[in-house]
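Here are my notes for you, as someone new to this one. Have the model open while you read, and take the points in order.

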Amino acid sequence: MAENPLNEPKTVLHRYFTGVRDAVLWKLEDLSEYDARRPLTPTGTNVLGVAKHLACVELGYFGWTFGRATDITLPWYDDDAEPNADMFATESESKEEIIAFWRRVREISDATITELPLDAPGHVPWWGDRNPVTLQVILVHMIAEANRHAGQVDIVRELIDGQIGIRADNSNLPDEINWPEYHARLETLAARFR
């Protein structure tokens, strides 16, 4: 039986990575600058900051790790940068600029993934003795990293305007549930354990 090229390991990993990146970018659509930047958790999690962070780590792992895009520097990693500066947009950084930066980084990442085999060696400077690495290790790491942050974005976006789902055409939640009623039922249940 012939192999389905859509099931090749690198193709599958790349598809899942692309899907989660697309989901995070979709969560930024239609948000004002204010809502994109709003910190809605005690630790300041905000949709635009998570997107900026994902762009930064993606550049590091698919660019610098494989000797690509080494001419791109990120000022928020400088020694004198404000703490956690990769997790929020500064006053001088617009939503459009951060999205454009991430799209540029995605082109670099996609080229790395397309051009290199899964066993291509790389070196992550901040991983110490866990080097050398392979493209496969980095893809798996970044799928986990991106999905973790996509979950944060899901919650923050739902708090902003109630938008849910993984894509505009797929909420990935059951349609038959009355969510306000469901929420109230869970609150009542939880209250029994006070």
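1. Start with Trp126, which is partly exposed at a relative accessible area of 44%. Keep in mind as you look that this is a predicted model. Trp126 has a ring partner, Tyr61, and the two make an edge-to-face aromatic pair, 5.3 Å centre to centre with 70° between the planes. Is Tyr61 buried or exposed? Tyr61 is buried, with a relative accessible area of 7%. That counts as buried because the cut-off is under 20%, while the 44% of Trp126 falls between that and the 50% above which a residue is called exposed.

2. Now check where those two rings come from. Tyr61 belongs to helix α3, residues 47-63, whereas Trp126 lies in the loop between β1 (121-122) and β2 (133-134). The pair therefore ties together distant parts of the chain, 65 residues apart.

3. Don't stop at the pair, though. Which residues form one aromatic cluster? They are Tyr61, Trp126 and Trp127. Trp127 also has a charge to look at: the charged end of Arg130 sits over its ring, 4.1 Å from the centre.

4. There's a second spot with a charge over a ring. Here the charged end of Lys52 is placed over Phe88, 5.7 Å from the centre of the ring.

5. Back to ring pairs: the structure has five aromatic pairs, and another one worth finding is Trp76 with Phe101. Their geometry is edge-to-face, at 6.2 Å centre to centre and 85° between the planes. Trp76 is in the loop between α3 and α4 (95-115), and Phe101 is in helix α4. This pair also links distant parts of the chain, with the two positions 25 residues apart. Both partners count as buried, Trp76 at 16% relative accessibility and Phe101 at 15%.

6. Last, the inside. In soluble globular proteins, nonpolar side chains tend to be buried together. The largest nonpolar core in this model has 50 residues, and Phe17 and Ile138 touch the most other members. Which elements give two or more residues to this core? Those are α1 (9-28), α3, α4 and α5 (135-161). The biggest share comes from α3, with 11 residues.

7. If you'd like one residue to click on in that core, try Phe17. Leaving aside residues up to four places away in sequence, Phe17 touches Glu58, Phe62, Ile113, Leu139, Met142, Ile143 and Ala146.

Technical notes: Residues are numbered from 1 along each chain as its sequence is written. This is a predicted model: local features need pLDDT of at least 70, side-chain atom pairs count only at pLDDT 80 or more; totals for chains, interfaces and linings use all residues. Side-chain values use heavy atoms; hydrogens and water are left out. Rings of Phe, Tyr and Trp (its six-membered ring) pair if their centres lie within 6.5 Å; planes under 30 degrees apart count as stacked, over 60 as edge-to-face and the rest as tilted. Helices (H or I, at least four residues) and strands (E, at least two) are DSSP runs, numbered from the N terminus. Buried means under 20% relative accessible area, exposed over 50%, partly exposed in between (1.4 Å probe, protein chains only). A charge sits over a ring if NZ of Lys or CZ of Arg is within 6 Å of the ring centre and within 35 degrees of the ring normal. A nonpolar core is a set of buried Ala, Val, Leu, Ile, Met, Phe, Trp, Tyr and Cys residues joined through side-chain atoms within 4.5 Å. Contact means heavy atoms within 4.5 Å.
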